[in-house]
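Trainee: I would like to practise tying each structural term to the number behind it. Please show me the structure, and I will keep asking what justifies the words.

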Amino acid sequence: MTGSLAGLFGLSFLAATLFPAGSELGLSAMIVAGTDPVLLLVAVASLGNTLGSLVNWGLGRGAASFSDARWFPVTPEKLDRATAWYHRYGRWSLLMSWAPVIGDPLTLAAGVLREPLWSFTLLVAIAKMARYVVVALLTLQII
């Protein structure tokens, strides 16, 4: 993997955790640069972002232990809101994991509520890949 692909992977991974990062801008910049095939860039960003979401799922699995800690990146209010959303729509709410503001807390809530790893990974991967495909199409001015 080239340095630029590793950078895109890392940026996408970080963006999926509860820390802010602009993976869409990174993907767009690399598409415009034209040094790598667009499908490869979308795949790398999607993989990084999906694996980053697994960090949130894992944090959610143990959230009861440390959710009151000062360093914990989600406020109890955001977690409660995401949990309510998750209870209302079930695992299908993970298709919204691409969305700003609600997406990352949803992946955390999925861990709290013990969503099985296989269904979590499948639904989140679909959502994340769809977002990056749309970003690529917009960057290429296809849509």
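Mentor: Happy to. Starting at the N terminus, the elements of the protein run α-α-α-α-α-α-α. In total there are 7 helices and 0 strands, where helices (H or I, at least four residues) and strands (E, at least two) are DSSP runs numbered from the N terminus. This is a predicted model, with local features needing pLDDT of at least 70 and side-chain atom pairs counted only at pLDDT 80 or more, while totals for chains, interfaces and linings use all residues. Residues are numbered from 1 along each chain as its sequence is written, and side-chain values use heavy atoms, with hydrogens and water left out.

Trainee: What makes the protein as compact as a globular protein of that length?

Mentor: Set the value against the rule. The radius of gyration is taken over C-alpha atoms, and the globule rule is 2.2 Å times the number of residues to the power 0.38. For 143 residues the rule gives 15 Å, and the protein's own radius of gyration is 15 Å, close to that, so the protein is as compact as a globular protein of that length. Its C-alpha trace spans about 45 × 30 × 25 Å along the principal axes.

Trainee: Why does Ser-97 count as buried?

Mentor: The scale is this: buried means under 20% relative accessible area, exposed over 50%, and partly exposed in between (1.4 Å probe, protein chains only). Ser-97 has 1% relative accessibility, so it counts as buried. This serine is in the loop between helix 5 and helix 6. Beyond its neighbours within four places in sequence, Ser-97 is in contact (heavy atoms within 4.5 Å) with Gly-103, Thr-107, Val-124, Ala-127 and Lys-128. Across the 143 residues of the protein, 42% count as buried.

Trainee: Why are Arg-114 and Gln-141 put in their accessibility classes?

Mentor: Arg-114 stands at 46%, so it counts as partly exposed. Gln-141 has 72%, and therefore is exposed. Arg-114 is in the loop between helix 6 and helix 7, while Gln-141 belongs to the segment after helix 7. Each has a positive phi without being a glycine: near 65° for Arg-114 and about 60° for Gln-141. Gly-34, which follows helix 2, has a positive phi too, near 70°.

Trainee: Back to helix 1. Why is Leu-14 partly exposed, and why is Ala-16 buried?

Mentor: Leu-14 has 38% relative accessibility, so it counts as partly exposed. Ala-16 has 0%, so it counts as buried. Leaving aside residues up to four places away in sequence, Leu-14 touches Phe-19 and Ala-21. With neighbours within four places set aside, Ala-16 is in contact with Asn-49, Gly-52, Ser-53, Asn-56, Asp-104 and Lys-128.

Trainee: How do you know that helix 1 and helix 3 pack at an angle, and what makes the crossing right-handed?

Mentor: Axes are lines fitted to C-alpha atoms, for helices over the stretch in contact, and angles run from 0 to 180 degrees between N-to-C directions. For helix 1 (residues 3-16) and helix 3 (residues 38-61) this gives about 35°, with the axes 7 Å apart. A crossing is left-handed if the near helix is turned anticlockwise from the far one by less than a right angle, and right-handed if clockwise; helix 1 passes helix 3 in a right-handed crossing. By class, their contact has 13 nonpolar, 6 polar and no charged residues. Here Ala, Val, Leu, Ile, Met, Phe, Trp, Tyr, Cys and Pro count as nonpolar, Asp, Glu, Lys and Arg as charged, and the others, Gly among them, as polar. Leu-5, Phe-9 and Phe-13 are among the helix 1 residues there, and Leu-40, Val-44 and Leu-51 among those of helix 3.

Trainee: Where do the buried residues of helix 2 pack?

Mentor: Against helix 1, helix 3 and helix 7. Those buried in helix 2 (residues 23-33) include Leu-27, Met-30 and Ile-31.

Trainee: Last one: which residues touch the most other members in the largest nonpolar core?

Mentor: Such a core is a set of buried Ala, Val, Leu, Ile, Met, Phe, Trp, Tyr and Cys residues joined through side-chain atoms within 4.5 Å. The largest has 14 residues, of which Tyr-86, Leu-94, Ile-102, Ala-110 and Phe-120 touch the most other members. Helix 5 (76-89), helix 6 (103-112) and helix 7 (117-139) each supply at least two of its residues, and helix 6 gives the largest share, 4 residues. Apart from this core lies another, of 12 residues, including Val-42, Val-44, Ala-45 and Ala-136.
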